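Colleague: Could you walk me through the model? I'd like to start with the ligand.
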Amino acid sequence: MYTEEMKKSMAKVDENRENNTSYEPPRMTAEEKEALLAEYHPDYKKEEFSVLLTGENKGEKVPKELAALLLGKSRINADFDLSSPDYDVDVLVIGGGGAGASAAIEAHNTGASVMIVTKLRIGDANTMMAEGGIQAADKPNDSPAVHFTDAYGGGHFAAKKELLYKLVTEAPEAVKWLNDLGVEFDKREDGTMITTHGGGTSRKRMHAAKDYTGAEIMRTLRDEVLNRQIPVVDFTAAVELILDEEGKAAGAVLLNMETNALLTARAKTVVLATGGAGRLHYQGFPTSNHYGATADGLVLAYRAGAKLLYPDTLQYHPTGAAYPEQIFGALVTEKVRSLGAKLVNADGEVFIHPLETRDVSAASIIRECTKRGKGVKTVDGVGVWLDTPMIEKKNGEGTIEKRIPAMMRMFGEYGIDIRKEPILVYPTLHYQNGGVDINTQCETKVKNLYAAGEVVGGIHGRNRLMGNSLLDVIVFGRNAGRNAGKRAKETTAGKLTLKHIEEFEREAEKNGALSDIQSPMLLPDYAGKNK
Ligand code: MEZ
């Protein structure tokens, strides 16, 4: 199945493996990193962004694909009848991933009536797809302060400090909470957690459940939601937020994805936990994301008057599968590099330290495949080698099967034994660094609207470290749910209205900015039905 060119290149990787395994490439200096990013990272391609002409981020740039959705037309008319709600709850959680489930559990603990709505099924979310681990500084040689320093530097010193502080200081308790709920973390015989490095970490603080950590966390959270009998309305998307006459969030208009019926949910508080945007395939990149990652929450929140922070920064995971084409773009966990695999070019040369931060690693792969011409041509693309057999050379036979069985299986399905052969990788769209701006209480600019998880921006600055996303869905999901539950006791929803949609569209039209597509997108349009 490999072409002759691929085979020749693979032979060079095999030939150099002995030396490459022991070779430690130097870390890049800050200046080298900045220059590399400016030339090769997709976030720096000016022509791929548009300036928003309406809304709270007026004058700021966002990816073109996102701008079209933010300034798109609503799926409903502003005169939609809200007079007899189909659901009436204290806390409405929109989204059934890790943040939504954590929020629902904590809101439930406050005694509030809670309901989750999700456009697919509970657990169909990016949380499920996270593989390599969750960070928490809970070992004696580590501390939240060191965790903060790693993440702040890795995010280009742009994180909102108070959010990052909350993330790292509440991390040990978040991992303990998951462990107590039943997450099967990898442990030693004495019960202590096995932890590894990730890109940009100066201590081993990645806690994992092999290489399906997100799936294991989501399994546990979903069980907890179901055991508590928190109502979950599946296959039902939020298509607009509802405000009351004072501008407070007071529910959502929902679309039953199976019958197309529109429904109304009234709530005293709303938690937005709708996840990311990988399925927008910014700049034509493949994605590691779940099918539902279409930026819906950003659209809903923006139209309701929320502000976005850093919506122009995306994360391209350095190692998406580049071959075979059936798994093009699928995540090859960073844990593969944590365990010792290095990135190697077509000539068998290691070209970057394996644990540089993701933005830097991704840019270095793009440089290798473009300017340096040292990429490996696949059938319809290009990639570089990730030399997985190095893992067993370094850690002993059996390590791959034990620590990264999902990777072994994913490639094994296509006849590739990653214990013996390197694999081809190329950056894949993985994470939305930016999103809705929140404070430490998870409040957005819209009163009674809380947000948590990937829909939020600013926690990680302009680049996120591995394992800090599974962490943020738990830390901020729990806080959002707890605070929304408490607030629901002190607030009442006035008369429901959708006036904000009409006003937003009028303003966008006046500015010549209204795009002619309907949003939120809800599902990617691979069949081109909406074109
Ligand atoms: O935090 C992530 O994005 C993650 C754990 C991904 C991975 O490489 O496994």
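Modeller: For residue classes, Ala, Val, Leu, Ile, Met, Phe, Trp, Tyr, Cys and Pro count as nonpolar, Asp, Glu, Lys and Arg as charged, and the others, Gly among them, as polar. This is a predicted model, in which local features need pLDDT of at least 70 and side-chain atom pairs count only at pLDDT 80 or more, while totals for chains, interfaces and linings use all residues. Residues are numbered from 1 along each chain as its sequence is written, and side-chain values use heavy atoms, with hydrogens and water left out.

Colleague: How many nonpolar, polar and charged residues are in the shell around the ligand?
Modeller: The shell has two nonpolar, six polar and four charged residues; among the residues around the ligand, meaning those with a heavy atom within 4 Å of it, are Glu 131, His 317, Arg 358 and Met 466.

Colleague: And where does the ligand lie, domain-wise?
Modeller: It lies between domain 1 (4-40 + 316-429) and domain 2 (87-313 + 433-495), because both give residues to the shell; the bounds come from an automatic or database domain assignment.

Colleague: Switching topic, is strand E9 buried or exposed?
Modeller: Nine of the nine residues of E9 (residues 236-244) are buried, so the strand is largely enclosed by the rest of the structure; buried means under 20% relative accessible area, with a 1.4 Å probe and protein chains only, and strands are DSSP runs of E with at least two residues, numbered from the N terminus.

Colleague: Which strand pairs with E9 over seven bridges?
Modeller: That is E10 (residues 249-256), in the antiparallel sense, where pairing requires that DSSP finds at least two bridges between the strands.

Note on methods:
Buried < 20%, exposed > 50% of the residue type's maximum accessible area, 1.4 Å probe, protein only. Helix = DSSP H or I, 4+ residues; strand = E, 2+ residues; numbered from the N terminus.
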